[in-house]
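Q: I'm new to this one and would like a close look at a single part of it. Could you pick out one helix, walk me through it slowly, and then show me what else is around?

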Amino acid sequence: MTQIPHIDVRNLRLVYKTGPGTELAAVDDISFSIGKGETLGIVGESGCGKSSLARAFLAYTRPGARIAGGSVLVSGTDILSLDAAQLLQFRGRKAAMVPQNPLSSLTPHRTIGQHMVELIRQHNAAGSLTPRDKALELLAAMELPDPAAIFKRYPHQLSGGQRQRVVIAAALVAEPELIILDEPTTALDKTVETQVLDLVSRLQKRTGTTLIYVSHDLNVVARMCERVLVMQKGKVLEDGPTLEVFTQPKTEYARSLIAAIPKLRSDAKSAPLKVAVDAPVLSVRDLDFTYGGGGSKLLRRLFPGPAPSRTLDDISLSITPGSTLGVVGESGSGKSTLAGLVAGLVDGNGGKILFEGKQLTGLATSRDRDLRRRVQMIFQDPASSLNPQHTVEQIIARPLQIFFGMSRAASRDRVVELLQELDLDASLLARSPRQLSGGQQQRVAIARAFACKPDLVLCDEITSALDVTVQAQVLKQMKRLQQEHNTAYLFISHDLPVVAEMSDQILVLEKGQVRDYADTGTILTNPKSPYTRKLLDAFSTASAQAAQRTVKHVS
Amino acid sequence: MLASIARMIGRRLFMAFFILSFTALIVFLGTEVLPGDALTASIPAEELQFYSPEQLAQMRSELGMDRSIPVRFLEVWHQLMTFDFGTTIMKKESVATRIFHPIVNSAIMAGLALVVMLALVIALGVLASLKPGGRLDNAISTTTLFTYSMPDFVVSNVFVIVFAVWLGLVPAVIFAPTNAPKLTILAAAIVPVIALCVHGAAYQFRLLRAGMVEALNSDYVERARLAGIPQWRISVIHALPSALIPMLNATAYFVAGLLATSVVVEAVFKFPGAGGELLRALSQREIPTIQAIAFLAALAVVFANLIADLAILALDPRVRTRSSNG
């Protein structure tokens with residue numbers, strides 16, 4: 001290792017302005033170096049400064065932040081001292097970023113083709129090809145089906161996995177020597193994640209690119225990276241080979257981070273007896289749902305669109321009071337539609353939904369007040385499901401006032417109680433959702449649902465946006481609430497270990513059809529369908545590969 | 001997608017029909033039903049004494065004014081909807097001929113104002129957003145706040161004093177007749193157009209600047225920056241189309257406002273447009289003319305809104321798919 005390191009970070013300090021004259025260090029005097037072709041993982045909870053650090057590799061800080069000291073040398077040049085024209089030559093050409101949220105990171109009014117061609121022209125990357133052909137080649141290399149069709153589409157017309165591949169393709173345009181992936185798979189299903197990661201590691205092997213993975217998903221880092229940096233509050237706590245950090249963490253923080261990773265346990269609880277005894281709180285029989293299936297037949301004949309595809313096909317299930325039914329499936333499997341139908345957000349067009357044996361009518365607006373109270377839903381993204389103009393107190397007090405006719409004073413006490421049940425401080429009462437962390441927001445959403453004293457709570461990917469440690473806390477609180485209030489959960493997630501941890505029974509959905517439906521133990525040890533086995537494999541290989549990689553490192 | 005756009009236009013035209021019918025009703029009620037009928041208002045007071053009540057009744061029945069209100073409304077409605085504006089009450093001139101040149105002149109002025117305003121606003125909005133809070137942004141933002149708070153008649157009079165009286169660049173008032181060659185009208189319109197824009201552009205600018213600042217803070221602009229796309233492309237190609245959307249609805253309002261403000265501006269500059277014609281018709285209670293101008297103004301507003309909606313559809317592909325779903 002006599003050659004100069006590819007990247008050399010020296011005493012880097014990056015601060016955010018928090019008020020007049022006050023600053024907070026997001027990156028606090030960090031030094032390390034990365035060799036050419038190395039894969040480095042940077043892990044830590046959100047807010048630890050890892051994304052700020054990632055952007056510093058491209059000499060970029062967000063508005064409000066500035067680099068307060070130190071240097072970042074890439075192949076020996078300090079990129080922090082480049083001028084604007086030199087930066088245009090550096091960014092995208094020598095180093096590229098794969099951004100965290102591929103949907104919001106693609107310009108909504110530009111087609112995928114326009115995105116790609118713009119970059120190819122900018123970096124003169126077409127070679128002997130036309131920019132269009134070069135773009136198609138890159139999209140094809142990402143194993144996107146029908147690149148020519150993708151080329152013409154707008155970002156919102158692609159699936160999450162497709163968008164992720166497009167932003168990776170966009171980063172590869174000029175064949176940069178350094179690629180930074182900021183939470184590259186957060187938005188993806190497990191099986192798609194596996195494909196995308198495989199793709200990236202094959203590319204890396206072929207081109208010898210230096211890769212930096214920034215992620216809170218330790219499974220991903222364990223799988224992809226030779227070396228890992230653990231960050232907390234702007235400092236590097238640990239820096240070492242992945243195996244060492246994962247098996248012998250030196251700090252308490254790293255230990256807690258690793259312990260919080262949800263794992264598939266085959267000793268999962270088997271179905272409790274009450275499943276057979278109690279009358280179900282919710283039962284669904286032969287539920288069908290087709291998008292675009294509603295509306296006037298005449299209109300459809302006059303304006304024939306694409307043939308409506310069946311989103312849910314003959315679904316039957318039941319949940320007993322106080323128990324949890326987990327629903328697993330990839331995006332597009334119909335699991336959110338199922339929750340939407342039970343919640344009355346969409347109107348069904350076939351089959352029956354029974355709540356305590358009584359038929360639930362279509363939309364929530366046509367249900368009576370008591371039913372609306374007793375069935376609650378918690379959404380994936382609390383930032384968009386909580387009214388940003390209301391305070392935490394108003395958000396939680398609203399159902400109390402509507403359903404229980406509480407006065408403002410009475411509701412306030414109850415709100416404080418609910419906050420305490422979720423380990424939230426009463427000082428948050430006057431905050432608006434935007435002033436809370438993601439975990440706090442989701443707990444406020446949970447408190448709002450439980451303010452209604454529901455009998456059934458529909459949880460749609462409620463922890464997908466959270467850090468592992470926060471996720472573990474929220475899941476623990478959900479379990480406690482369930483025991484205290486005897487509430488039934490319909491728990492939807494693409495994350496099998498999380499579902500297995502929460503559920504008494506699991507229903508596996510694929511393309512709107514039930515592939516497996518049994519108690520958790522059976523699903524984990526003896527699934528009927530090949531699809532469920534594939535899903536189990538995808539999750540167990542993630543941890544197995546982490547172990548394998550560590551073995552490889554030792555030898 | 002084309003089918004969904006066609007359906008949207010169809011819906012809007014259907015709605016426009018009701019809006020225009022309602023406009024016709026309001027104009028009809030305002031001009032014909034309220035006390036002081038059209039006939040007595042059309043005849044100068046000193047002449048009125050020479051007519052006997054029998055003569056007046058005779059004239060009313062000739063003009064069809066003795067029929068019931070609903071029948072008369074239906075007639076007016078039918079005429080307006082078929083663009084047959086009838087004749088003036090006393091001189092029996094064709095209203096369409098009378099208002100043709102003033103309307104065209106006003107349309108030239110309004111069209112020019114719109115083009116100048118949009119060009120100015122887009123240029124300033126993009127420039128100001130390059131460095132929010134920078135010196136240029138502060139200068140433009142402060143100036144527009146100032147001009148936004150200035151009423152049109154003040155701006156117009158200040159312009160007359162500055163351009164005509166002090167600098168002598170243009171005549172203080174426009175002497176071009178209504179039927180002057182349109183190029184003369186265009187030249188005459190320049191100063192009034194600037195006066196019209198001063199107020200309207202300020203508001204549009206503020207909306208565009210806010211939209212630009214938001215767009216420039218988005219994830220997609222950050223991605224473009226990190227990918228080495230130059231600033232001008234980021235501003236014009238990535239941020240501007242999103243930033244225009246909130247502004248465009250206000251632009252449609254600007255067009256509606258032009259009709260009102262141009263009455264004032266035309267009066268100050270003596271511009272031979274529809275505003276002057278409307279004032280004249282109002283003072284002489286020339287009801288068919290008032291109805292025709294009011295109706296055409298409403299038509300222009302409906303049309304401007306439709307154009308704004310189509311522009312939004314062109315700028316945001318997500319709206320296109322949304323409108324095809326619902």
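A: Let's start with a word we'll need: a residue is called buried if 20 or more other C-beta atoms lie within 10 Å of its own, exposed if 12 or fewer, and partly exposed in between. Keep in mind, too, that this is a predicted model.

The part to look at is helix H16 of chain A, residues 392-404. H16(A) has 13 residues, and from its first C-alpha to its last it reaches 18 Å, close to the 18 Å expected at 1.5 Å a residue. There is a bend along the way, though: at Arg398(A) the helix turns by about 25 degrees. A proline, Pro399(A), follows within four residues of that spot.

Now for the inside of things. Which residues of H16(A) are buried? They are Val392(A), Ile395(A), Ile396(A), Ala397(A), Pro399(A) and Leu400(A). So the proline from the bend turns up again in the buried set. As for what they pack against, the partners are two helices of chain A, H17 (408-421) and H18 (438-451).

Let's stay with H17(A) for a moment. Between H16(A) and H17(A) comes a turn to notice: H16(A) is followed by Gly405(A), which has a positive phi, near 55 degrees. The axes of H16(A) and H17(A) come within 9 Å and cross at roughly 115 degrees, and the crossing is right-handed. On the H16(A) side, the residues that meet the partner are Glu393(A), Ile396(A), Ala397(A), Leu400(A) and Gln401(A). Across from them in H17(A) sit Ser411(A), Arg412(A), Arg414(A), Val415(A) and Leu418(A). Sort the residues of this contact by type and you get five nonpolar, two polar and three charged. Ile396(A), Ala397(A) and Leu400(A) belong to this contact, and they are also on the buried list.

Stepping back, H16(A) is part of a chain with 22 helices and 20 strands. Chain A has 555 residues, and 45% of them are buried. Of the contacts in chain A between residues at least 6 apart in sequence, 70% join residues at least 24 apart.

Two other spots in chain A are worth a visit for their backbone angles. Most residues other than glycine have a negative phi. Asp314(A) has a positive one, near 55 degrees, and it lies in strand E12, residues 310-319. Asp314(A) counts as partly exposed because it has 14 C-beta neighbours inside 10 Å. Glu461(A) also has a positive phi, near 50 degrees. You'll find Glu461(A) in the loop between strand E17 (456-460) and helix H19 (468-485). With 20 C-beta neighbours inside 10 Å, Glu461(A) therefore counts as buried.

Chain A has company, so let's hop over to chain B. Chain B comes to 14 helices and zero strands. Of its 326 residues, 35% are buried. In chain B, residues 24 or more positions apart account for 78% of the contacts with a separation of 6 or more.

Where do the two chains meet? The contact takes 25 residues from chain A and 19 residues from chain B. On chain B's side, the elements that give two or more residues are helix H10 (219-226), helix H11 (231-269) and helix H14 (317-325). H10(B) gives the most, with five residues. By type, that side of chain B divides into nine nonpolar, five polar and five charged.

Helix H11 of chain B is also the place of Leu258(B). Leu258(B) counts as buried because it has 25 C-beta neighbours inside 10 Å. Leaving out residues up to four places away in sequence, Leu258(B) touches Ala110(B), Ala113(B) and Leu196(B). Leu258(B) and Gly200(B) are 58 residues apart in sequence, yet their C-alpha atoms are 8.5 Å apart in space.

One last stop is helix H12 of chain B, residues 274-283, where Ala274(B), Gly275(B), Gly276(B), Glu277(B), Leu278(B) and Ala281(B) are buried. The buried residues of H12(B) pack against helix H6 (95-130), H11 and helix H13 (287-315) of chain B. After H12(B) comes Arg285(B), with a positive phi near 50 degrees.

Technical notes:
Residues numbered from 1 in each chain as written. Chains lettered and ligands numbered in written order. Predicted model: local features only at pLDDT ≥ 70, side-chain atom pairs only at ≥ 80, totals over all residues. Contact = placed C-beta atoms within 7 Å. Nonpolar A, V, L, I, M, F, W, Y, C, P; charged D, E, K, R; others polar. Expected span 1.5 Å × (residues − 1). Bend = angle between axes of the 7 residues up to and from the residue. Axes fitted to C-alpha atoms, helices over the stretch in contact; angles between N-to-C directions. Left-handed = near helix turned anticlockwise from the far one by under 90°.
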